[in-house]
Amino acid sequence: MKLEGRALNIGYGEHVVGRALDLGVETGSVVTLLGPNGGGKTTLLKTLLGLLPALSGTVAIDGQPLSSWTARERAKRIAYVPQIHNGTFAFTVADLVLMGRTAHGSLFARPSAHDRAVSLQALERLGIAALAERPYTMISGGERQLALLARALAQEPRFIVLDEPTASLDFGNQGKVMREIAALAAADIGVLFTTHDPNQAVRVADTVFLIRQGKCLAQGPRTSMLTHDLLTALYDAPIDVVTGADGTIAFRPG
Amino acid sequence: MKPRLLAAGWIVPIGVLLLGLVLAFTVGRFPIGIDDVFGVLAAKLFGTHSTASQATQAVILNVRGPRIVAAALVGAALAVAGTAFQGLFRNPLVSPDILGASSGAALGTVVGIFFSLGIFAIQALAFAGGLAAVAAVYAIGSTVRARDPVLVLVLTGVVIGALLGAGVGLIKYLADPYNQLPAMTFWLLGSLAATSVHDLLPLLGPVLIGMVILVALRWRMNAMSLPDEEARALGISTVPLRIAIIAAASLITSASVAAAGIIGWVGLVVPHLARSLVGPDFARLLPASALLGAGYLLLIDTIARTAAPIEIPLGILTAIIGTPFFIWLLASAQKTWS
């Protein structure tokens, strides 16, 4: 399956954020969206999720335009992991993850035993089953990110879209989220995520999409995208490339 | 939440309701024993014989009975509407009149009193005013294209509420200061003193309809309390669902305000207390709020008619009791907002 945006002009009403964007995600692969602040990353994500109508162009899954689907049909195929928030009400982690089953039940249906089992599996898969009865408002940032990811898994989607999944996480939790993203792709889920750290793309991305000021600077396999010249142009800032003895590379702001 | 804790969470709402019922039937200028209450109610419901005097039967069935049913209904209604709105607006400081239901009903009432209409016409005007105000707020709010539709609705509600408040002020200013103005003031402060059996049906109908809708949507309401885009990404069509919840909660609120006047605080405080007892899951929260709201207003109404030689307006009592209670809640639950 392929989630694909073609000739997308994106933005809010009169305010055009990005133009002429083409981007595709295959199931089983990871696409990383890199770009400076205000470049249109989040707007592009929301357009691909169907949360924001494209100003022109189409978003489609295997050629079927997303705009013709109901929210429910869409939610069965694409899940969204938002940037972690504090939460208003103290839902337990189990209740939060159970909300991922919304699209699988009818309007008035109570969650079935199957829904609860799927939610529990999602928690176990991410190793946070022990948090199930804790209030979401009382757990750490890293745990919240995993809980939101578990909710997306409970949705049983073909694609998962994550908005800066490591934005406020410590070093250890960043690694954990990257490992989970690689595992999702291995489980034949298509993953699209934004990040400010090119090193995460080095680690998990199959395809890298570079977006600057609403335009696609370049896109392609990570090895040809993650170069000194392209990243310098992307961020309009000096970038140092560190090469290890075994040929692995890492980037750091210069 | 552990099952044992869960059970403990239900004891308080049920206990408060039972206590409220017993006190409301027995306490007052005409004290009645609890055995007489059971006897008379059993006689009425099951046709058994009651040994209570005619006066006792009259007080239970015609005076306190309707008022108790009304207090329990209005208390449950305001608490449930407040619970729904707090979830929908993702804000625990929201009360049922956030979208102008009370201000619209108030304007309807003072207009009715101003034109010296009958009591049913006044109540109908109050009911219609409340619903019309919410419909206007929703219509105006949804024409504004914004990234946070919920915030726009709240702000529109505040602005329209202020406008309707000005309308109420104008009518009061023009009203006859000897007959109409006291009636308006008394009504606006909230009271169940004049409740009779005939008032119950117009209250019961809308409240039941609204509650059935909200309870049916309880699982969806959990996800609706997430940010709008998240709820949509989970597969919810947020616009029609939001309209349904607002319509149901406004139906409930308008019917309550039409029957009992403006009683603040119940819809704000009770959902908080219920949430701290059974958690934020609407499947448990809605019934807990309803029970607690019913018991709470029964207790308040009993105080209103017994604490002083004259009836104390309900709105004043709920504010006097609600304010310190709410501050205590804030101080004790600030860590989780639950």
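In which sense do β9(A) and β10(A) pair, and over how many bridges? These two strands run antiparallel and are joined by six bridges. Keep in mind while reading that this is a predicted model.

## The six-stranded sheet of chain A

Let's stay with that pair for a moment. One of its bridges puts Thr207(A) together with Pro221(A) of β10(A). β9(A) and β10(A) also make a hairpin with two residues between the strands, and there Gln213(A) takes a positive phi near 50°.

Now zoom out. The pair belongs to an open sheet of six strands in chain A, and if you walk across the sheet you meet them in the order β6-β7-β8-β3-β9-β10. The pairing in this sheet is mixed. At the edges stand β6 (78–81) and β10 (215–221) of chain A; each has a single partner strand, so one side of each is left without a neighbour in the sheet. From one strand to the next, the twist averages 15°.

The pairing of β3 (residues 30–34) with β9 (residues 207–212) in chain A is parallel, over four bridges. Here Leu34(A) has Leu210(A) in β9(A) as its bridge partner.

Two helices of chain A pack on this sheet. Helix α1 (residues 41–49) touches β3, β6, β7 (159–162), β8 (190–195) and β9, and its direction makes about 160° with that of β8(A). Helix α5 (residues 141–154) touches β6 and β7 of chain A, and its direction makes about 170° with that of β6(A).

A bit of background helps here: strands of a sheet pair through backbone hydrogen bonds, either parallel or antiparallel.

## The four-stranded sheet of chain A

Chain A also has an open sheet of four strands, in the order β2-β1-β4-β5, with antiparallel pairing. Its edge strands are β2 (15–26) and β5 (64–65) of chain A, each pairing on one side only.

Between β4 (residues 56–61) and β5 of chain A there are two bridges, in the antiparallel sense. Look for Ile61(A), which stands opposite Gln64(A) in β5(A). Helix α1(A) turns up again: it packs on this sheet too, touching β1 (2–12), β2 and β4 of chain A, with its direction at about 125° to that of β1(A).

The strands β4(A) and β5(A) form a hairpin with two residues between them, and Asp62(A) in the turn has a positive phi of about 45°. β1(A) and β4(A) run antiparallel and are joined by five bridges. In that pair, Arg6(A) has Thr58(A) of β4(A) as its bridge partner.

Here are the strand pairs side by side:

| Strand pair | Sense | Bridges |
|---|---|---|
| β3(A) and β9(A) | parallel | four bridges |
| β9(A) and β10(A) | antiparallel | six bridges |
| β4(A) and β5(A) | antiparallel | two bridges |
| β1(A) and β4(A) | antiparallel | five bridges |

## A residue to find: Val16(A)

Val16(A) sits in strand β2 of chain A. With 15 other C-beta atoms within 10 Å, Val16(A) is partly exposed. Leaving aside residues up to four places away in sequence, Val16(A) touches Asn9(A), Gly11(A) and Leu55(A). You can also check its distance to Gly40(A): the two are 24 residues apart along the chain, and their C-alpha atoms are separated by 9.6 Å.

## Over to chain B

How do helices α4 and α11 of chain B cross? The axes of α4 (residues 101–114) and α11 (residues 238–260) of chain B come within 9 Å and cross at roughly 40°. These helices are therefore oblique to each other, and α4(B) passes α11(B) in a right-handed crossing. On the α4(B) side the contact is made by Ala101(B), Ser102(B) and Ala105(B), and on the α11(B) side by Ser250(B), Thr253(B), Ser254(B), Val257(B) and Ala258(B). Sorted by type, the residues of this contact are four nonpolar, four polar and no charged.

Another residue worth finding is Leu201(B), in helix α8 (residues 197–216) of chain B. Leu201(B) has 8 C-beta neighbours inside 10 Å, so this residue counts as exposed. Leu201(B) and Ala70(B) are 131 residues apart in sequence, yet 9.8 Å apart in space, C-alpha to C-alpha.

## Where the chains meet

Finally, the interface: 27 residues of chain B are in contact with 32 residues of chain A. On the chain B side, the elements that give two or more residues are α9 (218–224) and α10 (228–233) of chain B. That side divides into 11 nonpolar, eight polar and eight charged residues.

Technical notes. Residues numbered from 1 in each chain as written. Chains lettered and ligands numbered in written order. Predicted model: local features only at pLDDT ≥ 70, side-chain atom pairs only at ≥ 80, totals over all residues. Pairing = 2+ DSSP bridges. Axes fitted to C-alpha atoms, helices over the stretch in contact; angles between N-to-C directions. Contact = placed C-beta atoms within 7 Å. Nonpolar A, V, L, I, M, F, W, Y, C, P; charged D, E, K, R; others polar. Parallel < 35°, antiparallel > 145°, perpendicular 65-115°, else oblique. Left-handed = near helix turned anticlockwise from the far one by under 90°. Buried ≥ 20, exposed ≤ 12 C-beta atoms within 10 Å, placed from the backbone.
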